Amino acid sequence: MSYITKSPWIIHYDGSSCNGCDIEVLACLTPMYDVERFGIINTGNPKHADIFLITGSINEQNISVVKQIYEQMPEPKVVAAVGICATSGGIFKECYNIMGGVDTVIPVDVYIPGCAARPEAIIDGVVAALGALDEKKKALDARPKISDTAADSAMGAASDDSVDGAPPEPPEDPILPGDDVEVKYYGAASEDEEAESAADGSGGGQEEGSAGDSGKEEA
Amino acid sequence: MAKRTVIPFGPQHPVLPEPIHLDLVIEDETVVEAIPSIGFIHRGLEKLVEKNEWPEMVYVIERVCGICSFGHGWGYCKSVEGNLGVTVPLRAEYLRTIWHELGRIHSHLLWLGLLADAFGFESLFMHSWRLREKVLDMFEETTGGRVIFSVCKVGGVRKDVSDEKLAEISAELNGMIPELKELTDVFIEDMSVKNRLTGVGVLSKEEVTELCAVGPVARASGVASDVRLDGHGAYAELGFEPCVEQDGDSMARCKVRIKELFQSIELIEKAAKSIPEGDIDVKVKGNPSGEFVGRMEQPRGEAYYYSKGNGSKFLERIRVRTPTNANIPALVKMLQGCDLADVPVLVLTIDPCISCTER
């Protein structure tokens, strides 16, 4: 765990689990296993969280809750499916109200097996999630910043499209579907800020390949 | 009249690990009405009875809930055994009783911890859960599992535990008593805990009877209802008296569970001393063809297990009514007129198990 420098915070949501895994997730925080000594804290606020631990499978009622929590979490974020129900549906797979594992709704990075998943397995899974978090952070940092001209032409293309439907000129530095174009390029930012971000991003314009991985999760 | 506002509480919130949703209608800071809505973890496992043969179904029923898992397994087995007319050997009944009471200790310690967490006493939460781990170790030593152990089957139990091991467990539990006393004294004596619990969420004996509350919620209001009184398992031989309090407030509900902690230790000690020699299971022949209702006293209260067979390998219907389901009307009553800040504590005092309720 030496590679992670910040304390990862966890948010836990009980999908439709039987409580076994939830209680084991909580047991990880208590003196016997005590993950808080690594700076891991269970938070109730999705906007504070780095790792999303979800127990139990997905059903009609909780599908929107799970999506909401996931969307509210800031990037980079990692999802860990705890227990066999979250992984595949487990013993409840054939129930009429079960849609399957968590990966039917949101992308999952780490699968933690077990019924119920043991605290040791959960801690192991969280450590694996830290690795995934670190990779995602690196990918996020290495993501190409779009140059000033590209942003201008992107804006131009968007407005052209809406006015007369003519095919836009391809920008010099194309914006790939995986790239997360920051909002400030689309208007609100002042000219100073734009110039600043252009200066920052001028070097890394060509590393499209490495950004592809992080883009997949957002699609 | 003050302006009424509706505050949604849940399903994802920091108080409970489980999703329950309440719409709280408030006037200023006072809750006027609470409207519960459930169904976030409904799985529909009763329907799995059509896909699993009845001896296998016990694995599914055990996963109704991961906290009182053993009790659910026992309840199902009791129901099917009644259906088939099977008499379970006494040693198996004793072992079941011991595991069930161990489950009660672990469940009540878990609840005490969550309650402490709800009123913001973090170190008390940690200490409760530290003691609970010792009980889980006993489960692991005797059954191989920590929370779900599938050791109960129709006709008996799957694993025997030697008398020496049982004596060891009983001695270890007795050794825990001073630590438990220290912990529970904080709940009963500490000023800040008293302030949060005494006089909060009072239910009278009449209200409890009218709302059909079960378990510690009923017993805290002076209703001595406890299924263990019917003497199933080894309770008749062990001599059982329910723990009752009269005040009906959150403190009384806390005291009932604390008393039951020590009572369970006592019951396990008695059972470990008087457990008879013999088989741990009987061979079960035939398929269930009638109807039977088995009742169990779970840590949270009375639970029903209904089974209907049609003479085939597959049961026709299973129905489980769990204690939290019965206690939700009592909770709604308690929440009327309480302060908004007391809602988390009140929700916890019924010891809600949402995955039981929704199955």
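Chain A and chain B bury about 3,200 Å² between them in this predicted model, and carbon and sulfur atoms give 64% of that area. Each side puts residues into the contact: 39 come from chain A and 39 from chain B.

On the polar side of things, the interface of chain A and chain B holds two salt bridges. One links the side chains of A:Arg118 and B:Glu140, with N to O at 2.9 Å. Eight residue pairs are in polar contact across the interface, counting those with both residues at pLDDT 80 or more. As for what chain A brings to the side that touches chain B, strand 1 (9-14), helix 1 (20-29) and helix 2 (63-72) each chip in at least two residues. Helix 1 of chain A gives the most, with seven residues. Sorted by type, the chain A side comes out as 21 nonpolar, twelve polar and six charged residues.

Within chain B, helix 4 (residues 122-143) and helix 5 (residues 163-189) pack against each other, their axes coming within 11 Å and crossing at roughly 170°. Helix 4 of chain B is therefore roughly antiparallel to helix 5 of chain B. Helix 4 of chain B meets its partner through residues including B:Leu124, B:Leu131, B:Val135 and B:Met138, while helix 5 of chain B offers, among them, B:Ile169, B:Leu173, B:Met176, B:Leu180 and B:Phe187. Charged residues take part too, including B:Arg130, B:Lys134 and B:Glu141 from helix 4 and B:Lys165, B:Glu172 and B:Glu179 from helix 5. Overall, this helix-helix contact divides into eleven nonpolar, three polar and six charged residues.

Key: Residues are numbered from 1 along each chain as its sequence is written. Chains are lettered from A and ligands numbered from 1 in the order in which they are written. This is a predicted model: local features need pLDDT of at least 70, side-chain atom pairs count only at pLDDT 80 or more; totals for chains, interfaces and linings use all residues. Side-chain values use heavy atoms; hydrogens and water are left out. Contact means heavy atoms within 4.5 Å. Buried area is the accessible area (1.4 Å probe) that two parts lose on being put together, summed over both. A salt bridge is a side-chain nitrogen of Lys or Arg within 4 Å of a carboxyl oxygen of Asp or Glu. A polar contact is a pair of N or O atoms within 3.5 Å; within protein, one must be able to donate a hydrogen and the other to accept it, and residues adjacent in sequence count only if both atoms are side-chain atoms. Helices (H or I, at least four residues) and strands (E, at least two) are DSSP runs, numbered from the N terminus. Axes are lines fitted to C-alpha atoms, for helices over the stretch in contact, and angles run from 0 to 180 degrees between N-to-C directions. Angles under 35 degrees count as roughly parallel, over 145 as roughly antiparallel, 65 to 115 as roughly perpendicular and the rest as oblique.
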